[in-house]
Amino acid sequence: MAGARPAAAGADEGLRGSRCPGCGVAAYPAVPDCPRCGGPAAPVALSGTGTLWTWTVQRFAPKAPPYAVPADGFRPFLVGYVELPEGVRVLAVLDGVRPEDAVIGMPLDLTAGAGVPRARRARRPDPAEVTG
Amino acid sequence: MNATDVVVCGAGITPFGRSEASGRQLAVRAVRAALADAGITWSRVEAAFGGSEAAGNADTLVAELGLTGLPFVNVRNGCATGGSALVCAVEAIRSGAAEVVVAVGFDRHPRGAFDPLPAAWGLDEAYGTDGLMVTTQFFAMKIQRYMHDHGITARTLALVAQKAYANGARNPNAWRREPLGADEILASGMVSDPLTRYMFCSPGQGAVALVLCSREAARRTAGVPVVLRAAVARTRRFGSFEVFSPWAPAGTPTSVSRDTARAAFEEAGLGPGDIDVCQLQDTESGAEVMHMAECGFCADGEQERLIASGRTAIDGTLPVNTDGGCIANGEPIGASGLRQVHEIVQQLRGRGGDRQVPGRPRAGFTHVYGAPGVSACTVLTR
């Protein structure tokens, strides 16, 4: 695979971000300096479950390059921002979610693998959703 | 208020859309049209600023325009290219470095969505190979959330595009000149939910040039002057939600457009309520809806009622994108910002032709937005 990945060391791992001890702002991918106050940020493992903040469907094949068309051809895919409890909304491809089932606020599991972060339906209901 | 007023004395534009002409050829035509409008020759121009995203360096235009030795600075600032060129021109005039300045923006893009490379935007290669370097995704996701939060419907998105095509039909330089109805727009095929094909602008081609002068120098031109009260360009701040963001902080997002518009109104000493006609970045229908609020023209959610009641039409109380905007003119990145200014200049001069805003508008506003969170705004008065 070409290029260094932003946070992933292997398949299906949690996302590694950073957090500013001063102002509490978390970031993804990890950055050495806080994007808000400029102070030093420390590495942090981000939660693996969040909620869908917004989404859309990529219905046409992006231009290649930079897009790498899958071996079995382009298929429309969902993409969205998943909000994690650390206060980070992470851009991710949504696997196994159909457009008609996508709902803002739905719980999703988020993992880092080869490539960009990937999200899929949460295996367990989000406790916040149950009590909320 | 500023000590030195900057005056637009000449404005030139080419037809937008597709032709065989190169971007540079279009730029030369636009500059010559602006000079003719001002009634001056190229030799009177003391400095120039301009650029394109994908059609070459503006300073090479001296080969066709004349080798007068003037300073000509290339500007390459994405969608804010035209706006940034204007800011440079204004500063040159206010500083006393030059009295007659040209700003030019032009472009020519291949068909289809833009195909930016991740490295040029400071992003990991994976965002390109996995298909996330697509600007349409961002605009779709931003309006998707906005509709959820503020009760905007898909029909309102269609009405924005319907207005764009109706205004484009009245603009001889527009690319899309066929009126389209809201139902047809809604049924044109989903591109990136909730946005359909006819809600989007297309990358295209075109060029625009302006002749800017000090008040003193303006007296020696033949153009009908319009005062450029403010020209501001900005980048994003923390907390905003912008194109090509691998992540964004939680909370209610702000935007670079909000900051830029506020700064432009402050510089002009005017407010949104003073504006009679405005041009807002409409990369797609949702962008126009959101930019109405971000630029201060309404509260979040009010667009649903304002647009349905025709308030943003040419004969409404706040006409938006009277020339058809990006949706009807296409998006040649380097040219769009100055196209907006050109349109306001024509409206304030009363030369809007079939699309003239009634009631002799006195003040206009322009706004562009683009990746990775840049914006440029102007305020003009007659």
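**Exercise 1. Sort the lining of the largest cavity by class: how many residues are nonpolar, polar and charged?**

Solution. Keep in mind that this is a predicted model.
- Start with the search of the whole structure, which turns up three cavities of 30 Å³ or more. The largest cavity holds about 70 Å³ of space.
- Next, list who lines it: A:Tyr81 and A:Leu91 from chain A, plus B:Leu132, B:Val134, B:Gln137, B:Phe138, B:Met141, B:Val243, B:Phe244 and B:Ser245 from chain B.
- Now sort them: eight are nonpolar, two are polar and none is charged.
- Helix 5 (residues 135-150) of chain B gives the largest share of this lining, with three residues.

**Exercise 2. Check the length of helix 9 (residues 256-268) of chain B against its expected span, then find what covers its buried residues.**

Solution.
- Take 1.5 Å a residue: the 13 residues should span 18 Å, and the end C-alpha atoms sit 18 Å apart, so the two agree.
- Pick out the buried residues, under 20% relative accessible area: B:Val256, B:Ser257, B:Asp259, B:Thr260, B:Ala261, B:Ala263, B:Ala264, B:Phe265 and B:Ala268.
- Their cover includes strand 8 (226-235), helix 10 (285-294), strand 11 (363-370) and strand 12 (374-381) of chain B.
- Just past the helix, B:Gly269 has a positive phi of about 70 degrees.

**Exercise 3. Which strands of the chain A sheet stand at the edges, and why is one side of each left without a neighbour?**

Solution.
- Read off the order: this open sheet of three strands runs 2-1-3, paired antiparallel.
- Strand 2 (26-27) and strand 3 (42-45) of chain A are the edges; each has a single partner strand, so one side of each lacks a neighbour in the sheet.
- Finally, look at one pairing: four bridges link strand 1 (residues 16-19) of chain A to strand 3 of chain A, with A:Ala45 as the bridge partner of A:Arg16.

Note on methods. Residues numbered from 1 in each chain as written. Chains lettered and ligands numbered in written order. Predicted model: local features only at pLDDT ≥ 70, side-chain atom pairs only at ≥ 80, totals over all residues. Heavy atoms only, no water. Helix = DSSP H or I, 4+ residues; strand = E, 2+ residues; numbered from the N terminus. Expected span 1.5 Å × (residues − 1). Buried < 20%, exposed > 50% of the residue type's maximum accessible area, 1.4 Å probe, protein only. Contact = heavy atoms within 4.5 Å. Pairing = 2+ DSSP bridges. 1 Å grid on protein atoms, 1.4 Å probe; cavity = no way out; pocket = protein on both sides within 12 Å on 5 of 7 lines; lining within 4 Å. Points joined across faces, edges and corners; volume = space filled by probe spheres on them. Nonpolar A, V, L, I, M, F, W, Y, C, P; charged D, E, K, R; others polar.
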